[in-house]
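Welcome! Take a moment to look over the sequence and the 3D view before reading on.

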Amino acid sequence: MYPAGENAALQTAVDALRSQGVVPGVGGALKASAQALASSLCEAILSEVPAYTESANPDVRPELRQHADELLAQILGILADGRRVDFGAVRRHAQRRATQRFPLEALLHTYRCAHKVLFAWSRDAAIEAAPQAGHVRRVVAAAAEFAIEFTDTVSSTATSTYVEHTRVLAEAESDRRAGLLTLLLQGYDESDTHAAQLLRKAG
């Protein structure tokens with residue numbers, strides 16, 4: 001599913017579920033409850049992460065629901081369809097949150113809350129998919145390990161992306177201010193549309 005060395009711990013967790021007879025048969029149980037779970041996931045996050053209700057940005061909460069759907073789709077891709085999952089959706093979401101100046105700690109708290117819900121989902125589906133396969137405790141342990149590794153991968157991916165995008169935004173803002181200062185010191189032609197745009201953005 002993954003190239004050697006990439007997401008090795010996550011792959012090990014998937015292999016443990018496969019060894020218990022859970023993968024890929026778990027797909028049916030997961031898909032049956034995915035839609036309802038997305039709503040439950042959002043409710044759990046909103047109840048524990050105040051940044052979503054405190055934010056004045058109207059896009060924050062709808063984008064949370066979209067991201068919940070993306071996270072569930074990624075899990076389904078791994079456990080049900082056997083696909084190599086691309087965490088591009090997590091990177092895009094982290095970039096969006098950085099642009100919105102949504103706190104990184106609140107984003108990471110989001111994933112900590114999500115972990116609890118995702119573990120219960122994968123655990124219950126695993127038990128339903130393989131009630132006779134192996135010992136129930138081993139199935140639950142494998143589901144727990146998968147939830148941990150998945151959440152850790154998502155969190156580390158989001159953190160590195162958020163930090164990098166924040167740096168890019170800061171550099172762009174620094175360049176803009178330097179350009180504005182140069183413009184003011186050297187003077188400008190009133191017909192220069194670029195200069196007019198810089199001044200307009202600066203207020």
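This report goes from the whole chain to one pair of helices, and then to the cysteines.

## The chain as a whole

Keep in mind that this is a predicted model. The chain has 8 helices and 0 strands, so if you follow the elements from the N terminus you will read α-α-α-α-α-α-α-α.

How much of the chain is buried? Of its 203 residues, 41% count as buried. Now consider contacts in the chain with a separation of 6 or more: 75% of them come from residues 24 or more positions apart.

## Helix 2 meets helix 4

Two packed helices are described by the angle between their axes and the distance between the axes. Helix 2 covers residues 27-48 and helix 4 covers residues 60-79. Their axes lie 9 Å apart, at an angle of about 150°. Angles over 145 degrees count as roughly antiparallel, and helix 2 and helix 4 are therefore roughly antiparallel to each other. Their crossing is right-handed.

Which residues make this contact? On the helix 2 side they include L30, A34, L37, L41 and I45, while the helix 4 residues they meet include L64, A68, L72 and L76. Sorted by class, the contact of helix 2 with helix 4 has 13 nonpolar, 3 polar and 4 charged residues.

## A look at the cysteines

C42 is one of the helix 2 residues in the contact with helix 4. C42 is buried, with a relative accessible area of 9%, because buried means under 20%. C113 is also buried, with a relative accessible area of 2%.

How many disulfides are there? A disulfide needs a pair of cysteine sulfur atoms within 2.5 Å, and by this rule the count comes to 0.

Note on methods:
Residues are numbered from 1 along each chain as its sequence is written. This is a predicted model: local features need pLDDT of at least 70, side-chain atom pairs count only at pLDDT 80 or more; totals for chains, interfaces and linings use all residues. Side-chain values use heavy atoms; hydrogens and water are left out. Buried means under 20% relative accessible area, exposed over 50%, partly exposed in between (1.4 Å probe, protein chains only). Axes are lines fitted to C-alpha atoms, for helices over the stretch in contact, and angles run from 0 to 180 degrees between N-to-C directions. Angles under 35 degrees count as roughly parallel, over 145 as roughly antiparallel, 65 to 115 as roughly perpendicular and the rest as oblique. A crossing is left-handed if the near helix is turned anticlockwise from the far one by less than a right angle, and right-handed if clockwise. Contact means heavy atoms within 4.5 Å. Ala, Val, Leu, Ile, Met, Phe, Trp, Tyr, Cys and Pro count as nonpolar, Asp, Glu, Lys and Arg as charged, and the others, Gly among them, as polar.
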